[in-house]
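Biologist: I am new to this structure and would like a close look at a single part, the place where two of its helices pack together. Please take me through it slowly.

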Amino acid sequence: MKENLVVAVVGATGAVGREMLNTLYTRNFPATTVKALASSRSAGTKVPFGDEELLVEELTENSFEGVDIAIFSAGGGTSTKFAPYAVKSGCIVVDNSSAWRMDKRCPLIIPEVNAHTLKEHNGIIANPNCSTIQMLVALKPLHDVAPIKRIVVSTYQAVSGTGQKGIQELETQVRKLFNGIEPENEVYPHRIAFNCLPHIDVFLDNDYTKEEMKMVNETNKIFEDDSIKVTATCVRVPVFYSHSESINIETTKKLTAKEARAILAKAEGVQLYDNPKENMYPLAGDAAGEDDVFVGRIREDESIENGLNLWVVADNVRKGAALNAVQIAEKLLEMNLVHVKDRNLFM
Ligand code: A2P
C-alpha cells in the first residue's frame, strides 16, 4: 500500500462532505493528511475531523498537487470542471455527482455489487445516485440467483439528498407553520413540509425526471445488462435522513419470499428486517446514521408469475453517498489501483 497517503474532500462543508470526513475518520482510513476543500465562500473556516478541525481551503485547479485520492461532493458543475485537473495532477477522483456516471471511461461502482469493474478505471470513478445504490445493494444477491427482467420502483426521498439547503428548508418551513406563518419555498418548487413532491431534479423530454432516469440508466450500467427494464417514480418527502423505496421486481425464474429472505439474510451490506407480525419493517428513522441497507416487507407479487415486492431503506447521506465513496477509496487501496494511467485523458 502507498505510504503517506494524501486524501482531499471537495465540498467538505456540505452535508455529504462533512459525512465523508466523519466516515474517513471513523473507519480509520489510512491517510496521513486529509485536506478539506470548498468554495471561496467558506475558505478559512473549519470543519470537524474526529476530535480535530481542518482548515477549509479554496478549491482551485492547483489544489490536487500531491493529493492521491480526492472525493468530490460539490455538485456536477464543480466535478465537471475540476476532476480533470485532479487527474492531470496524478490524483484519483471518486465523484459523488452525476457528472461522470454515464461516461464510458468512468466505472460506476457499488463495492458490494461490481467492484471488479474498478480495474478499468482511468482516474475518475463515479459514485452512483443514492437511490440506485440502496436499490442495487438489495437486488444484486437476488439477481445472482434469479436474474431480474424488470424493476418498478417508487422512492420516498429525504431532504438531505438536496444537501444542507434541503435540510434547512424543511426545518424552516415546519417552524414557520407551527408559528402560524405561511412559509416561502426557496429550494423546492412547492412546500415540502407536510407534503410529498413527485419531482426530483429536472423534468426531461419524456416527462420523467432526471433522477428517475438516473435510476434506469445507472442500473443498466452497474448490472452490465441493458436488457433489464426499469421504471421509476421519485418522490421527495418531509424526512430529514434516509430514503425509502417500494420495489417490485420480475425475475426470469421463481423466487419465493422465503428464499429471498434467506438470500438477503446472508447478503453483504444488507440487514433483513422483515417480521410483519411484530410490526417489524425498515423505517427511515431507524436507518438514519446506519451503514447497512435495510430490507423488509418481502412478498410474492401475486399479480404475475415470478415477482417480488420489497421495501428498502438506507441512510442516503451514508451508504447513498459518503460511505459508498469511502468504500470505493478503500477498494482502490485494497486492489492496489492508486495510479493514473493517462493524466490528460479528461483535459
Ligand atoms: P461552500 O460551503 O463553500 O459553498 P451541499 O450539497 O450540502 O449544499 O454542499 C455543497 C458543497 O459543495 C459545499 O461544501 C460547497 O462549498 C461546495 N461547493 C459548491 N460550489 C463549489 C465550487 N464552485 N467550488 C468548490 N466547492 C463548491
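Modeller: What follows is a description of one helix pair and its contact. This is a predicted model, in which local features need pLDDT of at least 70, side-chain atom pairs count only at pLDDT 80 or more, and totals for chains, interfaces and linings use all residues. Residues are numbered from 1 along each chain as its sequence is written, and side-chain values use heavy atoms, with hydrogens and water left out.

The pair consists of α4, residues 130-145, and α6, residues 210-222, where helices are DSSP runs (H or I, at least four residues) numbered from the N terminus. Their axes, lines fitted to C-alpha atoms over the stretch in contact, with angles running from 0 to 180 degrees between N-to-C directions, lie 9 Å apart at an angle of about 45°. The two helices are therefore oblique to each other, the term for angles that are not under 35 degrees (roughly parallel), over 145 (roughly antiparallel) or 65 to 115 (roughly perpendicular). α4 passes α6 in a right-handed crossing, meaning that the near helix is turned clockwise from the far one by less than a right angle.

On the α4 side, C130, S131, T132, M135 and L136 take part, and they meet E211, K214, M215, E218, T219 and I222 of α6, contact being heavy atoms within 4.5 Å. By class, the residues of this contact are five nonpolar, three polar and three charged, with Ala, Val, Leu, Ile, Met, Phe, Trp, Tyr, Cys and Pro counted as nonpolar, Asp, Glu, Lys and Arg as charged, and the others, Gly among them, as polar.
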